[in-house]
Each structure stands twice: as structure tokens, then as C-alpha cells.
Amino acid sequence: MITYTTYSEAGGVGKTTTAANLAAAHAERGQRVLVVDLDPQEGSLSYVFDVADDRSDGSADNIVRHLIGRPKGEFTDLIRTDTGEAGVDVLPAHNMLANLTQNMMKAAEIEEDMHVEDDYEWPRNEQLLRLLKENDVPEEYDVVICDPQATEGDALYNAIFATRSVLLPVELSGKGALSIDGLTDLAEGLEAEVGIDVGVLGIVPVAYKATNTQKEHLAELEASPFDVPAVFGERSSLMQEMWESQATAFRVLDEGWKEGEKGRRRGYDREQDTLDQYRDLARHVEAEFQ
């Protein structure tokens, strides 16, 4: 099974749009895809796939309840298939994710107090993997993509432990710029936190405008040990429309979405080229697991 986490230390650099479009690209290639949304922010994958209707309902069963061993229903009932994208299912986010660390600490205290062994430590970082295995996700899906928030914490660590691989979208300037040393420190820091080897599938520059500064950053990145399997140019209109129409870039172009209305968009060659890049990136990721 292909498993990876899309992660960026900075918010708003294309992490979620990358995850959504890669999910669609994998599905287009015949893969059964589950996307796990672990981002408590409103503008998350659950919004793109229009499955966020229960996220603010405190009485609703949700991923956090299952992570801490206090479910209100079956795990598989959380998975939404009405995503508008054939072959892509979504495990939606919930507002309780904002307090995930506090809830995990309470669960750990209870589990450790009640355990027969005095020195037992409840494996906080392993709970998502436990859920996926217990509910036959490896048998039901070919690809699992986790999308946690852009800060370190229990959501990220559970995503990394469950997927053991990470894809890093970055902007090569301003808030998203990362030095090569910074990327190395990030990968090593994640490995140290979760206690396993973490594979970096690639660094993916997004919103690339080929400025002199960006060219310098890209040259440095391409000369580094990290793989740079794709460089996405500035496609702000297409990416913004994903949020407006609540659809992947594939659906935006296929159904002609513009300003939230279907059938109005004119297809540009450069936007179709962007879809081809996502297809190539999905193919690259799949090859890494062969």
C-alpha cells in the first residue's frame, strides 16, 4: 500500500491542494484512495471535498474520539464516499482536532493508570496506524494520504507514524522558503520524534514564478540530496477556484467551474499542463513504493 503525508512547516503554501489533486490523480490511475484529514482549520481537505458538514457538531462521532479510544460508532461509518471524486474517499476532519494533544494526554493518563504494568506507556503516536489496521484499510485501499495541519503535534506525529513517508510542498520564497539544512533538520526531527525511519518522497516547489531568487533556491534544491520530482508554476486562478467550487483541479477543469459556477470556465493549456504534472507526480510517488 502507498502511504504518505503531505506536510509543510508553513501554512498556505499548497499543502492541501497538493494532497487533494494527488488523490484525484492516483484515482484516475485506477487506485482506491483514502484521504485522512487531520487539519483542524476550516479550510482543509474536508472543505475541498465538501464533506465538512459535521466538523462543528460536538455530538458527532469523529476521528478524535476513535484516536483516544472513545468512539461513538463504527470507524468505517466516518469515511465519506460522497466526495464528488470517483475513487477518492475521505476521513473528514473535526473541530476536536484543535484539542487533540490535550485529549491524547488524558487518554494516555487513563490507559497508563489502568494498565497492569507499572511502567506501561500508551503509544500516542501509533493510534492512527492502529485504527487503519483494525479497520482493514490496507485491504480496502491502495493509497492513503494524510494531511495534518502545518504545525508539529500529535496529528502530525500520528500521520507520520502511520504513513512513514512524507511529501513536502514548499514555496521558494518568503513564508514557505526552507534552507537545505532546514529540510534535513525537519526530516531528522520527525524521525527522532516518532522513532522510525521516515522517507522523504520529494520536495515539491509550488507557485513558482521563476524570479531570480526562486531560481537560486531551485538550483540549490536540485543540487541537494533531496528529490525534486515536480515544480508547479503559479496557478492562482485554478487553485482559488478549487476552494470556490469545492472541487479538485481535475473537476474544476473537467466540469468548467468558474467563480463557483459550473460550465463557465475556459480551459487553458497551461492549466491542463498542471494536471499532467499531478499525474506525473502521482506516478512518481507510486514508483517509489515498487
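The exercises below, each with a worked solution, concern a predicted model.

**Exercise 1.** Determine how the axes of helix α4 and helix α7 are oriented to one another, and which residues make the contact.

*Solution.* Begin with the axes: those of α4 (residues 100-114) and α7 (residues 154-163) come within 8 Å and cross at roughly 75°. Because angles of 65 to 115 degrees count as roughly perpendicular, α4 is roughly perpendicular to α7. Next, look for the residues involved, which are Leu100, Thr101 and Met104 on the side of α4, and Asp154, Ala155 and Asn158 on the side of α7. Finally, sort these residues of the contact by character, which gives three nonpolar, two polar and one charged.

**Exercise 2.** Describe the largest nonpolar core and the surroundings of Leu128.

*Solution.* The largest nonpolar core has 50 residues, and those that touch the most other members are Leu34, Val36, Leu38, Ile63, Phe75, Leu91 and Leu128. Helix α7 supplies the largest share of this core, with seven residues. Turning to Leu128, and leaving aside its neighbours within four places in sequence, one finds it in contact with Val36, Leu38, Ile63, Leu67, Cys146, Asn158, Ala159 and Ala162. Apart from the largest core lies another, of 39 residues, with Ala23, Ala27, Val35 and Ala230 among them.

**Exercise 3.** Establish how strand β6 is placed in the structure and how it pairs with strand β5.

*Solution.* Consider burial to start with: five of the seven residues of β6 (residues 199-205) are buried, so this strand is largely enclosed by the rest of the structure. Then examine the pairing, in which β5 (residues 165-170) and β6 run in the parallel sense over six bridges. Within β6, Ile203 is the residue that Leu168 stands opposite.

Methods:
Residues are numbered from 1 along each chain as its sequence is written. This is a predicted model: local features need pLDDT of at least 70, side-chain atom pairs count only at pLDDT 80 or more; totals for chains, interfaces and linings use all residues. Side-chain values use heavy atoms; hydrogens and water are left out. Axes are lines fitted to C-alpha atoms, for helices over the stretch in contact, and angles run from 0 to 180 degrees between N-to-C directions. Helices (H or I, at least four residues) and strands (E, at least two) are DSSP runs, numbered from the N terminus. Angles under 35 degrees count as roughly parallel, over 145 as roughly antiparallel, 65 to 115 as roughly perpendicular and the rest as oblique. Contact means heavy atoms within 4.5 Å. Ala, Val, Leu, Ile, Met, Phe, Trp, Tyr, Cys and Pro count as nonpolar, Asp, Glu, Lys and Arg as charged, and the others, Gly among them, as polar. A nonpolar core is a set of buried Ala, Val, Leu, Ile, Met, Phe, Trp, Tyr and Cys residues joined through side-chain atoms within 4.5 Å. Buried means under 20% relative accessible area, exposed over 50%, partly exposed in between (1.4 Å probe, protein chains only). Two strands pair if DSSP finds at least two bridges between them.
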